[in-house]
There are 2 protein chains.
Amino acid sequence: MEDRFLQQLKKGVLEMLVLKLICAEPTYGYALLSKLKKRSNGRFALKEGTLYPILYRLEDEGMIRATWSQGEGRTAPKKLYEATETGREENLRRQVLWRDFEETVDIFLEGDNQR
Amino acid sequence: MEDRFLQQLKKGVLEMLVLKLICAEPTYGYALLSKLKKRSNGRFALKEGTLYPILYRLEDEGMIRATWSQGEGRTAPKKLYEATETGREENLRRQVLWRDFEETVDIFLEGDNQR
DNA sequence: ATTTAATATTTAGTATTGCTAGGTGATTAC
DNA sequence: GTAATCACCTAGCAATACTAAATATTAAAT
């Protein structure tokens with residue numbers, strides 16, 4: 001990767017975003033790659049090796065559910081992910097935690113922080 | 001820890017904050033614990049086992065410099081950390097990266113995110 | 001005086017998660 | 001028919017916050 005600092009910042013956040021995207025609308029794993037890349041202006045350009053483990057974790061924890069689906073005029077099935085009720089609740093919880101986290105961090109970055 | 005998600009969010013951020021605090025004013029390692037806890041309203045209540053490795057990393061990378069110092073009326077010396085020029089530059093760089101990262105994440109969390 | 005708490009530093013080991021770097025096969029474009 | 005894209009999978013590595021100790025000094029409490 002290009003930057004160790006940025007790599008660390010992503011921890012937890014990528015999973016949050018993936019869950020959020022799936023909550024917004026059922027999606028294929030692969031399609032998430034382009035969504036993340038496009039909407040982040042290339043900042044979150046994940047490889048499959050980053051994304052799929054995230055999906056399996058979310059599935060194992062019951063946040064999302066996968067169904068093999070036959071795309072129209074396509075022999076090879078694709079895996080469609082959709083959020084469970086647990087996933088939706090967790091999605092909201094994480095967004096609240098993220099907002100609060102963000103604000104807390106910004107306290108330290110504001111002003112000259114004497115004392 | 002209480003929450004795996006929050007634990008992951010801290011990755012990278014804690015080191016950034018510690019560097020920032022040392023840049024703002026030379027500080028003892030132990031004193032950073034109370035600063036972080038107080039200014040974050042208890043959200044960043046680190047244990048020593050979290051803080052000291054951060055300090056050693058920053059020192060190894062030349063971001064901060066430590067000097068054993070005799071506190072007034074105190075026989076036991078304490079380690080005073082201060083930022084190097086490299087550290088100050090890296091501090092600024094990380095703040096810019098953090099701001100940009102924050103904004104990028106918030107793009108995903110705003111609105112209902114259809115499409 | 002003795003115990004307790006707080007200051008101050010250190011270290012070993014674990015868990016989590018994003019990363020690289022591959023692999024398979026189906027579909028579309030040239 | 002070759003290359004590029006779509007779509008999924010996996011093993012192993014790197015980085016960092018965590019727990020859970022240990023040591024020693026100083027200040028406060030009994």
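# Notebook: two chains, two DNA strands

**Entry 1: helices 3 and 4, chain B.** Helix 3 of chain B lies oblique to helix 4 of chain B. Oblique here covers angles that are not under 35 degrees (roughly parallel), over 145 (roughly antiparallel) or 65 to 115 (roughly perpendicular). Helices are DSSP runs of H or I with at least four residues, strands are E runs with at least two, and both are numbered from the N terminus. Before going on, I note that this is a predicted model, where local features need pLDDT of at least 70 and side-chain atom pairs count only at pLDDT 80 or more, while totals for chains, interfaces and linings use all residues. Residues are numbered from 1 along each chain as its sequence is written, and chains are lettered from A and ligands numbered from 1 in the order in which they are written.

I then looked up the geometry behind that label. The axes of helix 3 (residues 29-39) and helix 4 (residues 48-60) of chain B come within 10 Å and cross at roughly 120°. An axis is a line fitted to C-alpha atoms, for helices over the stretch in contact, and angles run from 0 to 180 degrees between N-to-C directions. The crossing of helix 3 with helix 4 in chain B is right-handed (near helix turned clockwise from the far one by less than a right angle; anticlockwise would be left-handed).

Helix 3 of chain B brings B:Gly29, B:Leu32 and B:Leu33 to this contact, and helix 4 of chain B brings B:Leu51, B:Tyr52 and B:Leu55. Contact means C-beta atoms, placed from the backbone, within 7 Å. I sorted the residues by class and got five nonpolar, one polar and no charged. For the classes, Ala, Val, Leu, Ile, Met, Phe, Trp, Tyr, Cys and Pro are nonpolar, Asp, Glu, Lys and Arg are charged, and the others, Gly among them, are polar.

**Entry 2: helices 3 and 4, chain A.** I checked this pair in chain A too. The axes of helix 3 and helix 4 of chain A come within 10 Å, crossing at roughly 120°, so helix 3 and helix 4 of chain A are oblique to each other. Their crossing is right-handed. A:Gly29, A:Leu32 and A:Leu33 of helix 3 meet A:Leu51, A:Tyr52 and A:Leu55 of helix 4. By class, I find five nonpolar, one polar and no charged residues in this chain A contact.

**Entry 3: helices 2 and 5, chain B.** Helix 2 of chain B packs on helix 5 of chain B at about 130°, the axes being 10 Å apart. That makes this pair oblique as well. Helix 2 of chain B passes helix 5 of chain B in a left-handed crossing. On the helix 2 side I listed B:Met16, B:Leu19, B:Lys20 and B:Cys23, and on the helix 5 side B:Gly87, B:Arg88, B:Glu90, B:Asn91, B:Arg94 and B:Trp98. These divide into four nonpolar, two polar and four charged.

**Entry 4: chain B against chain A.** I looked up the interface next: 27 residues of chain B are in contact with 27 residues of chain A. Helix 1 (4-9), helix 2 (13-24) and helix 5 (85-109) of chain B are the elements giving two or more residues to the chain B side. Helix 5 of chain B has the largest share, ten residues. The chain B side holds twelve nonpolar, seven polar and eight charged residues.

I also superposed the copies: chain B goes onto chain A by a rotation of 180° with 0.0 Å of shift along the axis, RMSD 0.1 Å. They are thus related as by a two-fold rotation axis. The fit is by least squares on C-alpha atoms of residues with pLDDT of at least 70 in both. Both copies use the same surface, as 100% of the contact residues of chain B recur in chain A.

**Entry 5: the DNA.** I find 31 residues around DNA strand D, with A:Glu48, A:Gly49, B:Gly49, B:Thr75 and B:Ala76 coming nearest. Near means a C-beta atom, placed from the backbone, within 6 Å. Helix 4 of chain B gives the largest share of the surface near strand D, six residues. That surface divides into twelve nonpolar, eight polar and eleven charged.

DNA strand C is surrounded by 31 residues, the closest being A:Gly49, A:Thr75, B:Gly29, B:Tyr30 and B:Gly49. Helix 4 of chain A gives the most here, with six residues. I count eleven nonpolar, nine polar and eleven charged for the surface near strand C.

Conventions:
Contact = placed C-beta atoms within 7 Å.
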